[in-house]
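Please open the model in your viewer and keep a selection panel at hand, since this tour moves from one group of side chains to the next. At each stop you are told what to select and what can be found there.

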Amino acid sequence: MIISACNETIALTEKKSEFPTKAYKLNENGSVHSTSIDIEDFESSENCKSCHEDHYKEWSESMHAYAMKDPVFFSGWNGEQQKRHETGERFCIQCHNPVAFVSGVDLSGFLTAEDLEASDHPQSIKEGIGCAVCHSMTELSPSIHTEDIIAANAKYFMNPGEGVYYGSIENPVENDYHASEYNPAFPRSEACLPCHDITIRGVEAEITFTEWNRIPGLAMGNLLSCQECHMPVTTRPAAKDGPERVVHRHTFVGVDLDLTRPAEENPQIDEVKSLLENAVELNFGWPNDSFTATVQQGDSLYIPITITSLTAHSLPSGVSFAREAWIELTVRDTDESLLFQSGLVATDTSALDLLDSNLVLFTSTLFDENGEETGSVTDVHSMENNSLLAFSKQFRQYLFPLPIDYSGELSVHARMLFRSFKPASLSSHPDLLKNLPIIEMESISETISVTPL
Ligand code: HEC
Ligand code: HEC
Ligand code: HEC
Ligand code: HEC
Ligand code: HEC
């Protein structure tokens, strides 16, 4: 049962902070009707580099810096603009480019990241979710809910352009460049709103925050916050010439990589692997049904397996419909020849066999108004979510008929694997598809002996 006994989130987002906030008003299409925020109010992250060198380097390798560089984003965004002329451009921009959103800069007409890069727009627009987006935050935002008119309606509370940056250092040392203000909102999971939580037509389309918020007991005390796992702490100066402090890494490692280059050349690959290796546990057997190490010739091979989530939201989460996590199970005889398999793919980009009745697969599927499968989140009318719930256990089983004449040892090997894109969803991006890695999350082995009759 999922319960959420705490309404502190609401209380916090409605509470007015002591900081001034620059307002903007939207029309029914999600475009700015009036705004007190000017595009020049946002500094480029480049301006922070000289003093916050480590934060800058980490951020620049993160997906936040990739939000307006991602070719998959550009094709989806252009598709949305064609489908919904009035609202499509703003809808995606509200999270992928808050700077353009709140200042009302129209970005329609850019087909690729290269086009945008070559334009006269300021750097702050080209860099997606830069330092100034998050560090102008004065108050927490609520989640985004969109109904049948798929229009942007994100509420940001920010005070950019006044030479002050907000953060979680309680006693920041002064500097000549900007004023610093301590804002207790920063260490909270709600600081990742509005972007990491959206429902569309009542469908829980991308609800990482809500999944976390539903774990009883966490939200109340801000225990196990998003930052704890995605902004791990380290000790170093927070700025040039500043004192040593406990600071937060800005790599924002998740499951995704910039696929415009080979995975092994990606600066985040090792951290993505390590995050995924710590996300689940696999065990043969169930609590009341242990793994049978000996079977009789002619019997069926029955392999129970327990999958335990160590993750504080679903796995996959967010754009779960694009991702897939599954178990590859192989059974080999003493000659290493394969007797059975489930979830085994020939290459990193081969499709899974969805007709395999043994397949253990964690993903979600979106359906449009005709009940047809769709890859477009804005067309969603219903959703089938088979993600592994936060900190849950699943008990699954494999059943294979043994060859009647086989006796001897069998080796059973199970691996949980992750792919940040279902290969089919990258079919229009073959150049990215070739860089898509399968990442091993966990691997276990056992031996079964088949005793002769
Ligand atoms: C001239 C150097 C310098 C530049 C340039 C600079 N900062 Fe800072 N910043 C500092 C110093 C020094 C501190 C205080 C560090 C400390 O107390 O450990 C600081 C602190 C901060 C804090 C923490 C505030 C708090 O109370 O938690 C944030 C956030 C911040 N800077 C953001 C930025 C951003 C964003 C930029 C670029 C737009 C930027 N800084 C540019 C020197 C600089
Ligand atoms: C997606 C939002 C986001 C972006 C983008 C971002 N930060 Fe932060 N930053 C945070 C949060 C949240 C914290 C506080 C984490 C905590 O205390 O749990 C933080 C903390 C800090 C601090 C205080 C020291 C520390 O690490 O705890 C500094 C300085 C800082 N950020 C600078 C920057 C600079 C410079 C950039 C751009 C290169 C940047 N940040 C980009 C969200 C962001
Ligand atoms: C202004 C909107 C915004 C805010 C605020 C924000 N994010 Fe994000 N985040 C995004 C977007 C958009 C992406 C995906 C960018 C892309 O891949 O194109 C993303 C990507 C990520 C990823 C990588 C996901 C993956 O699949 O690899 C992680 C992890 C992440 N964010 C964590 C956080 C955390 C933690 C916070 C709060 C401290 C936060 N974000 C605040 C918009 C935001
Ligand atoms: C206990 C550690 C932990 C906490 C707390 C946590 N995450 Fe994660 N996060 C993970 C792990 C592990 C993964 C990789 C497995 C997965 O996708 O679920 C991940 C993946 C993600 C992804 C990529 C999801 C996908 O499958 O595309 C995003 C986005 C993200 N986290 C954001 C958040 C946000 C926002 C919060 C807070 C509401 C948060 N995380 C809290 C551990 C954590
Ligand atoms: C509510 C905020 C929000 C809106 C609106 C939004 N996104 Fe995102 N988007 C995110 C976040 C957060 C992530 C990262 C989630 C994750 O990794 O699971 C993301 C990830 C993505 C990714 C995956 C990036 C990658 O390379 O893996 C693509 C593509 C994308 N968004 C495209 C779009 C398009 C196109 C639209 C408009 C139709 C859109 N988004 C609207 C927040 C948003």
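Begin by selecting D258, which in this predicted model is buried, with a relative accessible area of 15%. Add R261 to the selection, and a salt bridge appears between R261 and D258, whose closest N and O atoms are 3.7 Å apart; this pair is accepted because a salt bridge requires a side-chain nitrogen of Lys or Arg within 4 Å of a carboxyl oxygen of Asp or Glu. Unlike its buried partner D258, R261 counts as partly exposed, at 31% relative accessibility.

Select R415 and E440 next, and look for the salt bridge between them, in which the closest N and O atoms are 2.7 Å apart. This pair links distant parts of the chain, with R415 in strand β20 (residues 408-419) and E440 in strand β21 (residues 439-451), 25 residues apart. R415 is partly exposed, with a relative accessible area of 23%, and E440 also counts as partly exposed, at 36% relative accessibility.

Now move to D148 and R201, whose side chains meet in a salt bridge with an N to O distance of 2.7 Å. D148 lies in the loop between β3 (144-146) and β4 (164-167), while R201 lies in the loop between β6 (198-200) and β7 (203-206), so the salt bridge ties together parts that are 53 residues apart in sequence. Is each partner buried or exposed? D148 counts as exposed, at 54% relative accessibility, whereas R201 counts as buried, at 18%.

For a group that goes beyond a pair, select D54, E58, R236, R249 and E271 together, which are linked in a network of salt bridges. By the rule applied here, the count of salt bridges comes to 19.

Finish at ligand 4 by centring the view on its iron atom and displaying H230 and H313. Which atoms of the protein act as donors to this iron atom? They are NE2 of H230 and NE2 of H313, lying 2.0 Å from the iron atom. The site has 6 donor atoms with angles of 87 to 179° among them, and it is octahedral. The two histidines link distant parts of the chain, since H230 is in helix α11 (residues 226-230) and H313 is in the loop between β12 (300-309) and β13 (324-333), 83 residues apart. H230 counts as partly exposed, at 24% relative accessibility, whereas H313 is buried, with a relative accessible area of 19%.

Terms used
Residues are numbered from 1 along each chain as its sequence is written. Chains are lettered from A and ligands numbered from 1 in the order in which they are written. This is a predicted model: local features need pLDDT of at least 70, side-chain atom pairs count only at pLDDT 80 or more; totals for chains, interfaces and linings use all residues. Side-chain values use heavy atoms; hydrogens and water are left out. Helices (H or I, at least four residues) and strands (E, at least two) are DSSP runs, numbered from the N terminus. Buried means under 20% relative accessible area, exposed over 50%, partly exposed in between (1.4 Å probe, protein chains only). Donors are N, O and S atoms within 2.8 Å of the metal (3.2 Å for Na, K and Ca); water is not among the atoms, so sites may look incomplete. Four donors count as tetrahedral if all angles lie between 85 and 135 degrees; four count as square planar and six as octahedral if opposite donors are over 155 degrees apart and all others between 65 and 115; anything else is irregular.
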